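Here is a short briefing on one protein chain. Keep the model open as you read, and find each residue as it is named.

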Amino acid sequence: MTDIDDEIDFEVDAADLDQASVVPVPSDHLSLLVNDLHVSYRVFGAKKVGHGPVGKQSVLGRLLRRGAPQAKVREVKAVRGISFSANHGESIGIIGVNGSGKSTLLRAIAGLIPPASGTIHVASNPALLGVNAVLMKDLTGERNIMIGALALGLSAKEVEERYQEIVDFAEIGEFVNLPMKSYSSGMGARLRFAISASAVPDILMIDEALATGDAAFRAKSKAKMDEIRQSAGTVFLVSHSLATVQSMCTRVLWVHEGKLVMDGDPKEVCGRYKKFVQATKKRATADK
């Protein structure tokens, strides 16, 4: 069982739960199809760390170690047989405890991790927020906007036209002229979102990027996600905040131990998930 002591923000902001504002965009056109997806990692055993400075091994030392047993390789199955489809216009939340495979699933869909088996079919190239934007901490916000937007497929002219809009959306002001390593985590998250959403991708995937945003920024982000959906795009949002998921999504996937547990209405899925987490915590407390 995954450790969930630091799991989930169950605090509900009434302003975040305006379900009436999440308007479905009817569509019967598929944007994504995931069929029996399996993703595995190979984890190598850690080597023993000695004391003192590390130096070159002598010839005798290398000969003595030649027959020593090698570190074991352990296979970790991060995603195990997940299947689902997504239509244009959907906003899909993905929830689950830490280590459940949520982020791995997004990265596999984005083509960053090869599947061990199964298939992923997409109608267009997905944009994974914070990865496709290829932001570099030693460069200024201005340079990162240019590089990130070009990486998302915008032309130099389009980047120039949308530059001020990106800066204003990210709310970084004059910091745009400073290196990204001087930004707070919130500023960096806002800039990544602004860059990734600037291209209005057909499939936008957001992994915990809204966690550092205040209520005003969440409202702007939700409006941008609605704009993408209205233009026949599809949005995926991974978040530990059930309030954020319910306020921004029309559908929720619950992933646990690499498997899809539930797929359906945000209120119903989040309610079942909340009860599961609370019951698990209660059992863990009783066992202590």
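Which residue lies over the face of Phe 169? Lys 220 does, at 4.7 Å from the ring centre. Note early on that this is a predicted model. The points below start with the whole chain, then turn to rings, strands, charges and backbone angles.

**The chain as a whole**

- The protein chain has eight helices and nine strands.
- The chain has 288 residues, and buried residues make up 42% of them.
- Take the contacts between residues at least 6 apart in sequence: 77% of them join residues at least 24 apart.
- About 15700 Å² of the chain is exposed, and carbon and sulfur atoms supply 53% of that area.

**Aromatic rings: Phe 169 and its partners**

- There are seven aromatic pairs in the structure.
- One of them joins Phe 169 and Phe 193, with 5.7 Å from centre to centre.
- Is this pair stacked or edge-to-face? The planes are 10 degrees apart, and planes under 30 degrees apart count as stacked, so this pair is stacked.
- Phe 169 belongs to helix H4 (residues 156-170), while Phe 193 belongs to helix H5 (residues 185-198). The pair therefore ties together parts that are 24 residues apart in sequence.
- Both of these Phe residues are buried.
- Phe 217 joins Phe 169 and Phe 193 in one aromatic cluster.

**Aromatic rings: Trp 254 and Tyr 273**

- The ring centres of Trp 254 and Tyr 273 are 5.4 Å apart. Their planes meet at 65 degrees, so this pair is edge-to-face.
- This pair also links distant parts of the chain. Trp 254 is in strand E8 (residues 251-256), and Tyr 273 is in helix H8 (residues 266-287), 19 residues apart.
- Trp 254 has 6% relative accessibility, so it counts as buried.
- Tyr 273 has 1% relative accessibility, so it counts as buried too.

**The hairpin of E8 and E9**

- Strand E8 pairs with strand E9 (residues 259-264). The pairing is antiparallel and runs over five bridges.
- Which residue in E9 is the bridge partner of Trp 254? The partner is Met 262.
- The hairpin has two residues between its strands. In this hairpin, Glu 257 takes a positive phi near 50 degrees.

**Salt bridges**

- Side chains of opposite charge can pair when their charged atoms come close.
- The structure has six salt bridges.
- Arg 251 forms a salt bridge with Glu 90, and the closest N and O atoms are 3.0 Å apart.
- Arg 251 is in strand E8, whereas Glu 90 is in the loop between strand E2 (73-87) and strand E3 (91-95). This salt bridge therefore ties together parts that are 161 residues apart in sequence.
- Arg 251 also meets Asp 263 in a salt bridge, at 2.8 Å from N to O.
- Asp 263 lies in strand E9, so its bridge to Arg 251 in strand E8 ties together parts 12 residues apart in sequence.
- Glu 90, Arg 251 and Asp 263 are thus linked in a network of salt bridges.
- Arg 251 is buried, with a relative accessible area of 11%. Glu 90 is buried as well, at 17%. Asp 263 is partly exposed, at 35%.
- Another salt bridge joins the side chains of Lys 181 and Asp 138, at 3.6 Å from N to O.
- Lys 181 is in the loop between H4 and H5. Asp 138 is in the loop between strand E5 (127-128) and helix H3 (141-151), 43 residues apart from Lys 181.
- Are these two residues buried or exposed? Lys 181 is exposed, with a relative accessible area of 58%. Asp 138 is exposed, with a relative accessible area of 60%.

**Positive phi angles**

- Most residues other than glycine have a negative phi.
- Asp 36 is not a glycine, yet its phi is positive, near 50 degrees. Asp 36 is found in strand E1 (residues 30-44). With 39% relative accessibility, Asp 36 counts as partly exposed.
- Glu 171 is not a glycine either, and its phi is positive, about 60 degrees. Glu 171 sits in the loop between H4 and H5. With 38% relative accessibility, Glu 171 counts as partly exposed.

Methods:
Residues numbered from 1 in each chain as written. Predicted model: local features only at pLDDT ≥ 70, side-chain atom pairs only at ≥ 80, totals over all residues. Heavy atoms only, no water. Phe/Tyr/Trp six-rings, centres within 6.5 Å; stacked < 30°, edge-to-face > 60°. Helix = DSSP H or I, 4+ residues; strand = E, 2+ residues; numbered from the N terminus. Buried < 20%, exposed > 50% of the residue type's maximum accessible area, 1.4 Å probe, protein only. Lys NZ or Arg CZ within 6 Å of the ring centre and 35° of its normal. Pairing = 2+ DSSP bridges. Contact = heavy atoms within 4.5 Å. Areas by Shrake-Rupley, 256 points an atom, 1.4 Å probe, with all protein chains shown as cover. Salt bridge = Lys/Arg side-chain N within 4 Å of Asp/Glu carboxyl O.
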